[in-house]
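This report describes the secondary-structure arrangement, the interior and selected residues of one protein model. Please consult the sequence and the coordinates alongside the text.

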Amino acid sequence: NYIELISVQDERTASAFPRDGAAAVFDAARDFNEGIERINTIAIRTHDIEATHLRLKNAGIPVGDVVDGRRVDQQGNEIRWSIFFIDNTISGLPYPFFLEWPGTDEQREEQLSAQGLITAHPAGDLRVKRVIFEVPDVAGTARVWSLLTGQPESAQSAEDNTDGGVVIHLHDRDLVFRNGTANHITALEFTGAKESLRGQSLVIGDSVLDFL
């Protein structure tokens, strides 16, 4: 449960690769060049990336290749992962990308805690509860994301401040699609904030972080 903030170190390199094969990185570099700050997309973790890749490919989704990555952190720990991107957009809205980390959720949490990468946050036990997408075609977009996630669509309830939107429940998260012209993620809604932060919003460029 984290937000990855991406910037550009080498503008020449960032402008020299195509969108195919690393769509989310390309989108971040393009936004940098255009002076835009926003939440571009989400990563979805899978425990069988090859099966997920094959399922989406067979469904006609323009998936890129599965790529294995590795790096060594500052403490000398090797970090490994597998990843694939989707080489297109849904009428302009970026697709998610898919990741597989070695080990179980419990093993990974234990490892990250031991490395000091998971710590108690002074603002509370913050977790993203809802991702808000503003899209011109709610039904069509939600249908594609339902296929991507393997989860059904449902109408928002009145308590979700519905405006004709659609929600996809992804484990303990909600992907909420509402009508609008942004055609992007516009807000992240967090639970777990302490009283001093609860009810407040933080604006980062074109994105809003709401603390429920």
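The sections below treat a predicted model, beginning with its sheets and ending with individual residues.

## The seven-stranded sheet

An open sheet is formed by seven strands, arranged in the order 8-9-10-7-11-13-12, with mixed pairing. Its edges are taken by strand 8 (153-155) and strand 12 (201-204); each has a single partner strand, so one side of each is left without a neighbour in the sheet. From one strand to the next, the twist averages 25°.

At one edge, strand 8 pairs with strand 9 (residues 166-170) in the antiparallel sense, over three bridges. Within this pair, Ala155 stands opposite Val166 of strand 9. Helix 5 (residues 138-149) packs on the sheet and touches strand 7 (124-135), strand 8, strand 9 and strand 10 (173-179). The direction of helix 5 makes about 160° with that of strand 10.

At the other edge, strand 12 and strand 13 (residues 207-211) run antiparallel and are joined by four bridges. Ile204 stands opposite Ser207 in strand 13. The hairpin of these two strands has two residues between them, and Gly205 takes a positive phi near 60° there.

## The four-stranded sheet

A further open sheet contains four strands in the order 1-6-3-2, again with mixed pairing. Strand 1 and strand 2 (67-72) are the edge strands, and each pairs on one side only. The twist in this sheet averages 35° from one strand to the next.

The pairings can be followed across the sheet. Strand 1 (residues 43-45) runs parallel to strand 6, and three bridges join them; Arg45 has Leu99 of strand 6 as its bridge partner. Strand 6 is also joined by three bridges to strand 3 (residues 78-84), in this case with the strands antiparallel. Here Phe84 has Phe98 of strand 6 as its bridge partner. Strand 3 in turn runs antiparallel to strand 2, with six bridges between them, and Ile79 in strand 3 is the bridge partner of Arg71.

## Helix 2 and its surroundings

The buried residues in helix 2 (residues 23-33) are Ala23, Ala24, Asp27, Ala28, Ala29 and Asp31. An α-helix has 3.6 residues a turn, so residues three or four places apart point the same way. The cover over the buried residues of helix 2 includes helix 1 (11-14), strand 5 (93-94) and strand 6 (97-100). Just after the helix, Gly35 takes a positive phi of about 70°.

Asp31 belongs to helix 2. With a relative accessible area of 2%, Asp31 falls under the 20% limit and is therefore buried. Apart from neighbours within four places in sequence, Asp31 is in contact with Ile36, Arg38 and Asn40.

## The internal cavity

The model holds one cavity of 30 Å³ or more. The volume of the largest cavity is about 50 Å³. Its lining consists of Arg19, Ala23, Ala24, Asp27, Thr41, Phe85, Ile86, Pro94, Tyr95, Pro96 and Phe97.

Helix 2 supplies the largest share of this lining, with three residues. Ala23, Ala24 and Asp27 appear in the lining and are also among the buried residues of helix 2. By class, eight of the lining residues are nonpolar, one is polar and two are charged.

## Ile185 in strand 11

Ile185 lies in strand 11 (residues 184-193), a member of the seven-stranded sheet. Is Ile185 buried or exposed? Its relative accessible area is 2%, under the 20% limit, so Ile185 counts as buried.

Not counting residues up to four places away in sequence, Ile185 touches Ile39, Asn40, Thr41, Ile42, Val131, Ile132, Phe133 and Ser207. Among these residues, Thr41 also lines the largest cavity, Asn40 is also in contact with Asp31, and Ser207 stands opposite Ile204 in the hairpin pairing. Ile185 and Asp68 are 117 residues apart along the chain, and their C-alpha atoms are separated by 27 Å.

Methods
Residues numbered from 1 in each chain as written. Predicted model: local features only at pLDDT ≥ 70, side-chain atom pairs only at ≥ 80, totals over all residues. Heavy atoms only, no water. Pairing = 2+ DSSP bridges. Axes fitted to C-alpha atoms, helices over the stretch in contact; angles between N-to-C directions. Contact = heavy atoms within 4.5 Å. 1 Å grid on protein atoms, 1.4 Å probe; cavity = no way out; pocket = protein on both sides within 12 Å on 5 of 7 lines; lining within 4 Å. Points joined across faces, edges and corners; volume = space filled by probe spheres on them. Nonpolar A, V, L, I, M, F, W, Y, C, P; charged D, E, K, R; others polar. Buried < 20%, exposed > 50% of the residue type's maximum accessible area, 1.4 Å probe, protein only.
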